[in-house]
Amino acid sequence: MSAHWLTMLWALPAVGGLAALAGGRHSRWVALLVSAGTLIYSFSFPGGAVISSSPTGPFGISYSLACDGLSLSLCWLTAFLTLICVIASWKKDFTPGYWAAFLFLEAALLGVFLARDLLLFFVFWEAVLIPMFFIIGLWGMEGRRKAAMKFFLFTFFGSIFLLIGSIALVTYHHAATGIWTWDMAVLKGPSGRAGLAVFAAMAIGFAVKIPLVPLHTWLPDAHTEAPAAGSVMLAGVLLKMGIYGFVRILWPVFPQLTWQLLPWLGLAASINVIYGALCAMAQNDLKRLIAYSSVAHLGFCLLGILSRTPEGLLGGSIQMINHGLTTGTLFLLVGFLYDRGHRRGLGDYGELFRRAPWMTFFFGFTMLASIGLPGLNGFVGEFMSLLGMARALPIFALLGVVGVTLAAAYSLPAYQAVFWDAPGKGSVSHLVTDLDAREMALLSVMAGLMLLLGLYPGPLLRVMQPFLLGLVP
Amino acid sequence: MIWLLRPPLELLQPQAVLAVGALCVLAAGASRRVGLGLIKAMAGASVLAALLMLMTTPFWAASPPLLSSDILGWAFQGLFLCAALPLLYLMKPADEIPPALVLASVLGMGLIAVSGNLLMLFIGLEMMSLPAYLLVARSRSPQALEGAVKYFFAGSAAGAIFLMGMALHFAATGALSLEPSTDPLGIAGAFLMIATALFKLGAVPLHFWLPDVYEASDPELTAFFSTGLKAAAVLFLTRLAPLAPPWAMAWAAALTILFGALVALRQKNLQRLLAYSSISHAGFMLLAVAAWMAQGRSPRASLAVFFYLAAYLFMSTGTFLWLKTEGVSEREEMRGLGKARPLSAAALAVLLLSLAGIPPTAGFAAKFLVFWEAFKAGLYVPLILAGLGALVSLGYYLGLIRDMYFEEGTKPLASAPHPARAVVLACAIASILLGLMPWL
C-alpha cells in the first residue's frame with residue numbers, strides 16, 4: 001500500500017482543521033464531517049500489518065509511516081473519541097478555533113501512532129502539545145492558564161530527554177553498525193551503561209506522558225481544568241502515547257534491558273496503581289478523582305506490557321483502548337453534570353437518581369466498567385494484564401489486585417455520594433435535568449462498546465496481536 | 001560570470017559593490033535633490049547587487065595571506081546581506097547617513113568572512129562595529145545615547161583586547177596567521193582574542209553590554225544586531241577556532257544558554273526580554289561551534305552552525321519587527337492581543353514557538369541539529385544543560401503566548417497596523433516552511 005494512503009489519514013484532519021479555522025459559523029459542521037470522515041477512513045485499512053515506508057532521506061531521517069494492528073487500534077480510538085468530543089460539545093457556543101484545535105489534535109495524535117521514523121514520531125509527539133495547550137488555556141475552567149502552562153512545560157521537560165535519548169540511540173546505532181537510520185523497526189540500543197542512560201532518557205520522556213509517579217503532577221491540574229472534551233482527549237488518548245512509546249520503541253530497541261529492569265519498572269507501575277487509587281480516594285472533586293483514577297489505570301497497562309507474556313502484552317494494550325472508552329465516558333458524564341449544576345464537588349449533589357435516572361444508570365455502568373466488573377471491558381484488560389504479570393513477577397500482580405480493590409473503594413463511595421445519598425446543604429441537585437437525546441445517543445454508543453469489548457474482545461485482540469506477540473521473548 | 005575585480009582579489013567583489021553603494025548613497029545625500037526614499041532604494045539595490053555578486057564569486061578562491069574563504073564564509077555572507085535587507089526597508093532615516101552606515105557595517109562583516117589572517121579579521125571587526133555604535137546613537141528611544149556610549153566603550157575595549165591578543169600571538173609565533181601555538185604567551189593571546197569573539201556574540205560573562213544596547217535601539221536595528229552582528233560574531237569565532245579548546249566553548253555555551261533564559265524570565269520590557277533570549281540563543285550557536293570544533297570541523301557540523309543562524313535570522317527578525325509593527329513595548333500590553341489582532345498574534349505565536357524550538361518549526365530543526373552534533377562531539381553534560389535551558393526559555397515564550405491568548409486585554413490598542421506586517425508574516429511562514437522542509 002502506498003504511503004499516501006496513510007498520509008491521508010493524518011492529513012485529512014489537519015486540512016480539516018484549517019478549513020474549520022476559516023469556516024466561521026459553519027466550523028462545527030466542518031469538524032463533525034471531517035472527524036466522522038476520518039473515523040470511517042481509518043476503518044478502511046485492513047486489520048493486519050500494513051507497512052509503508054519512503055526511501056531514506058538525509059542523515060537517515062525519512063518521512064516514513066507504518067501501520068500495524070497496534071497503531072490501527074489506537075488510531076480508531078483517536079478518531080472515535082474526536083468524533084465523540086465534537087458531538088459532545090455541539091451545543092456550546094465555541095469559536096472556530098475550538099473545533100480546529102480538536103482536528104489539529106487528532107491529526108497530531110494519528111501522526112504519533114503512524115510514524116515509523118523516530119524523528120517524525122517526535123515531531124508529532126510535540127505537535128500534540130500545541131492544540132492541547134490552547135484547548136486547556138482558552139476553553140478550560142478557572143485555573144486554566146496555570147494548568148495549560150504546567151501541562152506544556154512538564155511534557156516538554158520529558159520531551160527534551162526523549163529527544164536527547166533518541167539522538168543518542170541513533171548515534172550509538174551508527175557507531176555499532178555504520179548506518180544512519182531513524183527507523184524504529186531497525187534501531188537497536190547499545191549495551192552496558194550507555195544503553196542504560198539512553199533507556200532512562202527515553203523512558204523519562206514517556207513516563208511524563210503516562211504519567212508515572214512522581215512525574216504525574218501535571219495530570220490532575222490539566223485534566224481538571226480542561227474543558228470536558230479536552231479531558232476526554234487527554235485521558236482517552238494522550239496518556240496512551242506514553243505506553244505506546246514503551247511498547248513500540250523501548251521494547252524492540254532494548255529487548256535485554258527491559259527484561260533486566262523489570263523489577264524496577266514493575267515497582268514503578270505498582271506504585272502508580274496504588275498511589276493513584278489512594279489519591280483518588282482522597283479527592284472531593286469528581287473530575288480530579290477520575291484524573292487520579294487514570295494514574296492507577298495506566299499503571300495496569302504498564303504492568304501488563306512489562307510482563308512480556310502474550311496475555312500481559314495483549315491485556316495491557318487492550319486496556320489502553322478500554323481506559324480510553326471508560327474514562328472518556330466518565331469525563332463526558334462529569335462534563336454533562338457540570339453543564340447543569342456548574343459544580344464538580346462530591347458534596348454538591350445528592351439523590352440525583354430521582355431527577356436524572358439515565359445519568360445515574362450510565363454513570364454506574366461506566367464506573368463498574370472502570371472498576372473491572374466481569375462482563376464489561378475493564379475486566380478483560382485488567383485481568384489479562386495481571387495474569388501476565390503473575391507469570392512474570394507475581395508480587396506485582398498481587399499489588400495490582402490490591403489496586404483493583406482500591407478502585408472499588410474510591411469509585412463506589414463517589415457514585416453513592418453524588419447519585420444516591422441525600423443532598424447536603426447548598427446542594428445544586430435541583431438544577432440537574434436528565435440527559436437529552438444527543439447525550440443519550442453518545443453514551444449509549446460508548447456503553448454498547450464497553451459491553452461488546454467486555455463480552456467479545458477477540459476481534460480487537462486479533463488485530464493487535466501480530467506486533468505484540470513478536471515482543472514475547 | 002561577472003568580474004569586477006581581477007584575481008586574486010575577486011573574493012572582495014561583494015564588498016566592493018557595498019563600498020561603491022555606500023559612497024553613492026553618501027553622494028546622493030549630499031545633493032539635496034535626491035529624496036530619502038530613493039536613497040533607501042539605492043542602499044537596498046546595492047545589497048541586492050552584492051548578493052548577486054556573491055552568487056557569482058567562487059568561494060574556494062583564496063589569495064593568502066590576506067584573503068581566504070570557504071563554504072561557511074560564503075554562506076554567512078549571504079546571511080549578512082539578507083539580515084540587512086529588512087532593516088534598510090523599514091528604517092526611517094533622518095538623512096542619508098544611516099543607510100550608508102548599514103552598508104558599511106555589512107561590508108565589515110563581509111571582510112570577516114573572507115579574512116585570511118588576524119590583521120584582516122581585526123579590520124573587518126572594527127569596520128563592522130563602528131557603524132553599529134553610530135546606528136545605536138541615531139535611534140529614537142530616550143536611552144539611545146546612553147546605550148551608544150556603553151556600546152562604544154565596551155566595544156572599543158573589546159577591540160583593544162583583540163589587538164593585545166594579536167600582539168601576544170605575534171610575539172609568540174612571529175606571524176599573523178591563525179596557527180595555534182603552545183607558547184604560554186601565544187595561549188594568552190588566543191585567550192584574549194577568543195574573549196573578544198565571545199564579547200561580540202554576547203556570551204556570558206561578556207554579555208553585560210547587550211541588553212542595554214538592544215533595549216536602546218529601534219526594533220528594526222535590534223533585529224539586525226541580533227541576526228547580522230550575531231552571525232558575524234559566530235563567523236569570527238569559527239575563524240579563531242584553531243586557537244580554542246572545544247570543551248571550554250561548550251561550557252561557556254551551556255552557561256550562556258541557562259543564564260540568558262533565566263534572566264529573560266523576569267523581564268517586563270519586551271525588547272529587553274528578547275535581548276536576554278538572544279543571549280540564550282547565542283549560547284546555542286556557541287554550542288554548535290563547539291561541536292563543530294570538537295569534530296575536527298566536519299562539514300555536517302558546519303551545516304548545523306549555519307542552519308541555526310539561518311533559522312534564527314527569520315525568527316528574530318520577525319519577532320523584533322513584530323514589536324515595531326504593533327507598537328508594543330511592555331509585556332503587559334500583550335494581553336488580549338489574540339482577540340484584538342488575530343492574524344498578527346498568530347504570526348507572533350508561530351515565531352515564539354519557533355524560538356522556543358517546538359516542532360514543526362525552523363527553531364526545532366535548528367536546535368535538533370545542534371543537539372545532535374553536540375552529542376556526536378561527546379559534549380554530554382553541556383548538552384543536557386542546554387536542554388534544560390530550552391525548557392526554561394519555553395517558560396517565557398509560552399508565557400507571552402498565554403498573555404496574548406488567555407488574558408483579557410486591559411486597554412485598547414492605539415496604533416493601526418504597520419505596513420511592514422508583510423515582513424513579519426513572511427518570517428512566520430518561513431519559520432514553518434524551514435521547519436517542515438529543512439533541506440530547502
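User: What does the contact between chain B and chain A take from each chain, and which elements of chain B give two or more residues to the side that touches chain A?

Analyst: The contact takes 22 residues from chain A and 21 residues from chain B. On the side of chain B, helix H15 (362-376) and helix H16 (380-406) are the elements giving two or more residues, and H16(B) gives the most, with eleven. "Contact" here requires C-beta atoms, placed from the backbone, to lie within 7 Å. Helices (H or I, at least four residues) and strands (E, at least two) are DSSP runs, numbered from the N terminus. Keep in mind that this is a predicted model: local features need pLDDT of at least 70, side-chain atom pairs count only at pLDDT 80 or more, and totals for chains, interfaces and linings use all residues. Residues are numbered from 1 along each chain as its sequence is written, while chains are lettered from A and ligands numbered from 1 in the order in which they are written.

User: How many residues of the side of chain B that touches chain A are nonpolar, polar and charged?

Analyst: That side has 17 nonpolar, two polar and two charged residues. The classes are Ala, Val, Leu, Ile, Met, Phe, Trp, Tyr, Cys and Pro as nonpolar, Asp, Glu, Lys and Arg as charged, and the others, Gly among them, as polar.

User: Why is chain A called as compact as a globular protein of that length?

Analyst: Chain A has 20 helices and two strands. Its radius of gyration is 21 Å, and the globule rule gives 23 Å for 473 residues; the two are close, so the label holds. The radius is taken over C-alpha atoms, and the rule is 2.2 Å times the number of residues to the power 0.38.

User: How do you know that the span of helix H10 of chain A agrees with its 26 residues?

Analyst: The expected span is 1.5 Å times one less than the number of residues. For H10(A), residues 228-253, that comes to 38 Å, and the end C-alpha atoms are 37 Å apart, so the two agree. H10(A) does bend by about 35° at Leu234(A). That bend is the angle between axes fitted to the seven residues ending there and the seven starting there.

User: Why does Trp139(A) count as buried?

Analyst: A residue is buried with 20 or more other C-beta atoms (placed from the backbone) within 10 Å of its own, exposed with 12 or fewer, and partly exposed in between. Trp139(A) has 20 such neighbours, so it counts as buried. Trp139(A) sits in helix H6 (residues 129-139) of chain A. Leaving out residues up to four places away in sequence, Trp139(A) touches Phe94(A), Tyr98(A) and Pro227(A).

User: Why is Ile71(B) called partly exposed?

Analyst: Ile71(B) has 13 other C-beta atoms within 10 Å, which puts it in the in-between class. Ile71(B) is in helix H3 (residues 71-90) of chain B.

User: What makes the phi of Arg308(A) and of His342(A) worth a look?

Analyst: Most residues other than glycine have a negative phi. Arg308(A), not a glycine, has a positive phi of about 55°, and the phi of His342(A) is near 55°, again positive without a glycine. Arg308(A) is buried because 21 other C-beta atoms lie within 10 Å. His342(A) counts as exposed because it has 10 such neighbours.
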